[in-house]
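The exercises below concern model confidence, one sheet and one chain contact. Each task is followed by a worked solution.

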Amino acid sequence: MLRLERRPSPSKAWNYATPVVAVLLTMVAGGILFTILGKNPFEAIKLIFWDPLFSEQFAAYSRPQLLVKAGPLILIAVGLSIGFRAGIWNIGAEGQYIVGALCAAAVALAFYPAESVLVFPLMIVAGALGGWAWAMIPAILRTRFNTNEILVSLLLVYVAEKLLAAAATGFMRNPQGAGFPGSRNINQYASAANHEIFAGTGLHWGGVAAFIAVLFTYIMLQRHILGFQVQLAGQAPRAARFAGVAPARLVLMCMGISGAFAGMAGMFEVAGPARLISIDFNAGYGFTAIIVAFLGRLNPIGIVLAGLLLALTYIGGELAQFMLNLPAAAIQVFQGMLLFFLLALDVLSNYRVRLFLPQRATSEGV
Amino acid sequence: MDFGSINPVVLIASLMVAATPILLAAIGELVVEKAGVLNLGVEGMMIVGAVSGFAAAVTTGSPILGMLAAIVAGAAVSLIFALLTQVLMANQVASGLALTLFGLGFSALLGQSYVGIVPPRTEKLNFGFLSDLPVVGRILFGHDILVYVSLFLVAAVWYWLNYTRGGRVLRAVGENHDSAHALGYKVKRVRILAILFGGACAGLGGAYLSLVRVPQWTEGMTAGAGWIALALVVFASWKPWRVLAGAYLFGGIMVLQLNLQAAGYRIPVEYLAMSPYIITILVLVVMSSNRTRRTLAAPGSLGRSFHAAG
Amino acid sequence: MTPPLLSIQGLTKVYPGVVANKDVTFDIGEGEVHALLGENGAGKSTLVKAIYGLIRPNEGTMLWRGQPYAPHAPAQARATGVAMVFQHFSLFDAMDVAENVALGMDNPPPIRELAARITEVSNNYGLPLDPSRMVGDLSAGERQRVEIIRCLLQNPQLLIMDEPTSVLTPQEVEILFRTLRQLRAEGRSILYISHKLEEIRSLCENATVLRLGKVVGRADPRQESARSLAEMMVGQTLHTPSRPAAQPGKMLLEVAELSVASPSQFGTSLKGVSMTVRAGEILGIGGVAGNGQDELLGALSGEIRAPAEAVRMAGDPVGHYGPNARRALGLLCAPEERLGHAAAPDMSLTENALLTGAWREKLVSRGFVSWGKARSFAEKVIERFDVRTPGPWVAARALSGGNLQKFVIGREILQRPSVLVVNQPTWGVDASAAAAIRQALLDLAQAGAAVVVISQDLDEILEVADNFAALNGGRLSAPRPVQGLTMDQIGLMLGGAETGETDVAA
């Protein structure tokens, strides 16, 4: 009989090992899934995890895509990780991402077609402010009225999606677009465009922002008293109040940072890879970032690795979709399973699994 | 604004239909939360129920078999959550989110070949002449079986929680799991069963969406219904009859905004479509700002995981 | 010869890394009140859990009236005739008395019938109780009645009581003892677990003493002195803290008409609390659990804000300050709940040292933490207060209760407080650690600090305090000098009868 036994201190080794084991288990389970779907599992796994980076046929296109996709995931996930550590659950990053993009696009469209070096920085500020403001709704409702921030932030995603649709078909529609939904192409407006910095790398300004965000978060969590207070509030809320942490301020700070990061991610996306505001502008980065944050153990460095991995599954998934006719949803299932395995294996950090043999137990005691 | 074109009898009859999916999901989640477990995977369980029910109904030609399949499917995916949170002591918030993300992907995968198909029709129950009565006939006797099942479930859950030993034990487990354990109750067993019940209800609610309310299968068709159901439980202060009232209120809002959309008012469709979510948020705010009432009603051990020492 | 009611033979229970019970053997006769004595951690709770079927022993047998008895669940124990009143109540706040009683029974009658029987039984045993009241609104004494009634309705042969008096006022203890004697007269047996020696001497005819899981003595407590029982329990000669005569200095802490609402739903709000503490003085605040102790500590630490004038530090109004502003002025606190309030369970001792020491010990500069300094501070606490741990990197929850408490108290004392407020400083702590902590508090006062000791342990207060005040329902009696105070007077103060203005009652 298996039994769990609480460890006196959490195991450091398992803390690092679980994400790796979870990825391996997901590959196995994914292989089984692909077999059921009638695909060759080894080919599919290779196509998802290996070919985007190393195959001669695809790597030239896929490799830059890695940073394109990892950038927003990492930027959003590091923001979320601060709140998650404090037990503040902003799960509406998708909405903040959309609103950030809308605000940034609004700035660009307002200036169009005037060229100025100020447009791009202004868009960054607008994106961050938009995401921040959208996140402030659940934050203020939580601190003022004690409303559950999980539900509110999530419900606001749907509101943001409707807002996006209204923008794409209504107030932001391209006047020269022949009535098709979608805004002007911001990527072709020189002052507003978020171009690749080094050709062929896929690195655009969003990647730079993600890097700065990771650095900022790392220093804050490791060295700054705010980082300590965030962890304290998450692990022992009463002890945090005893240590002088004001819960309301913490909620506002964590929600604000994650909202601003998500909004910036939306800005870099709309001015870069997405090119314009369209009905299907959002690609679920805000939700996948939750997986990234957990897979990275809420640790900034871990999140970089996890973001790259999840970006790989996106690209590999597209490749598998193209080459093997694997359904697009399969990759979503794959990501969901990854989170399941991770959560399941987490038990090993905090508990020891013991094998109990009832008959032997007595004889051992002698 | 002109509401004259909206017939109140039709409105009430159709809001009952519109409310049934979230009512089913919410009454299931109420039982789960009363047992002290917060399962944020309602959306995921609903959509898996929606696709499984749809697929089974199309394959067998029977909506009833479809609904049974949805119950089984909803319970089956909730078992993953039960395993994670009750056996492996994983964080309930994260596990619920994982279930939702997984459910959305999994349902899209299962439903690929069912897009655009019309499901077999779910017949309304035949009450003979009763259904032909003016006003009451349409409202009380003009529905399919699941509307009545959902009403019965509300009554049954209310009675069971308050007047039976099993219900008392479930509430005790949710109120204080350490005390319940000390008295010899099987905390985990009670919770796992509650989670399965919640999954079954959510699955059924999802199937009602895909088989009756819409009726067809599209990816992500639950569109937040599971989250609204979660909000409804808070709104109802964990009381079954208030869940019913809340669900019908939201049903009314949804039907009304659809009617307004159809009537072609000058407000863009998107803003009308936002309204159920915004109203849900507003109601949540009103309910939770009354602190004393909220804290008295919420189960004491809600969301905390239980590990018996020794 | 008839066999004893319950005979325990060679019982052993091993937890990974700990032997909780080793070869425990003793008998409980019919109609006997049997004491189980031992310090915290001596293995008393494990033993009664085995008798009640909550855990299964690794070895040994139990005989019930000569028949083998090995309950695998509480229900089976209850069916045999064993009932248990828990130390930490097994009650449900948001349910009424009748429902709570029903949950503890295996075949409860319908609620209405049960309510009638609760009223009847509770009156018969002198423990009046209204079955329709919500348990969360009851006092600690009333809550215990719910537990006892729950047991009595099952007509038990053996009643297990785990530390029943720790939550009662002396007067309530008298009522309880009358009930227990009535039960004995009816031929029932009682297994009475306590570390309060005077109670055992007045109630029990047999005692089994446990230490570190083993039986170390058997006695007739009526023939022994409290001191001899204590030394049997502790296994060494007890060190009584020494206290030189106090010479009160200037006024350091003044609380005037402090009224704050409790932040928790079933908590007790403070109503017009006033007190003063001078340098060198120790004020002991007694009271039964749940009468506002947590709230008083919160209002003094700054976790609960009050009007500025309600709390003064050396004359300055500080009631509106948060915890860190008060720390800066030298007002430090150590809450009751070690894990989760005074310390974060999963964090290392270094991080826990930073928790309150950040500013006063200058472990933080311009917002950035100096982990090196935090570690040396933690090491200093560990060394000076003899905290048994491999090092400062160990998680707080890995420490024993006594060691963690020494760390928590030491962490505050080493920050040189001018006022220190502690709540339940030795709760759940072994005797030697408790003695060390009390001595440290006395030394601190001796060095010129004002100390407030909130405690439910009257013996502790009488040992360390200069003045005594009682908390009852969120009100504080006027402090009186400990010297010359009788148990009766204390009981009246705890019960709220004593307003402290005059000595009319005496």
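**Exercise 1.** State the average pLDDT of chain A and locate the stretch where it is below 50.

*Solution.* Chain A has an average pLDDT (the predictor's confidence in each residue, from 0 to 100) of 88, and 96% of its residues score at least 70. The value is below 50 over residues 359–366 of chain A; beyond near neighbours in sequence, this stretch has eight contacts in the model (C-beta atoms, placed from the backbone, within 7 Å). This is a predicted model, in which local features need pLDDT of at least 70 and side-chain atom pairs pLDDT 80 or more, while totals for chains, interfaces and linings use all residues. Residues are numbered from 1 along each chain as written, and chains are lettered from A in the order written.

**Exercise 2.** Describe the open sheet of chain C and the helices that pack on it.

*Solution.* Step 1: six strands (DSSP runs of E, at least two residues) lie in the order β6-β7-β8-β3-β9-β10, with mixed pairing (at least two DSSP bridges between two strands). Step 2: β6 (82–85) and β10 (214–219) of chain C are the edge strands. Step 3: helix α5 (residues 140–152) of chain C touches β6 and β7 of chain C, whereas helix α6 (residues 170–185) of chain C touches β3, β7 and β8 of chain C. Helices are DSSP runs of H or I, at least four residues.

**Exercise 3.** How many residues of chain C are in contact with chain B?

*Solution.* 17 residues of chain C contact 14 of chain B. Of this side of chain C, α3(C) supplies the largest share, three residues.

How values were computed:
Two residues are in contact if their C-beta atoms, placed from the backbone, lie within 7 Å. Axes are lines fitted to C-alpha atoms, for helices over the stretch in contact, and angles run from 0 to 180 degrees between N-to-C directions.
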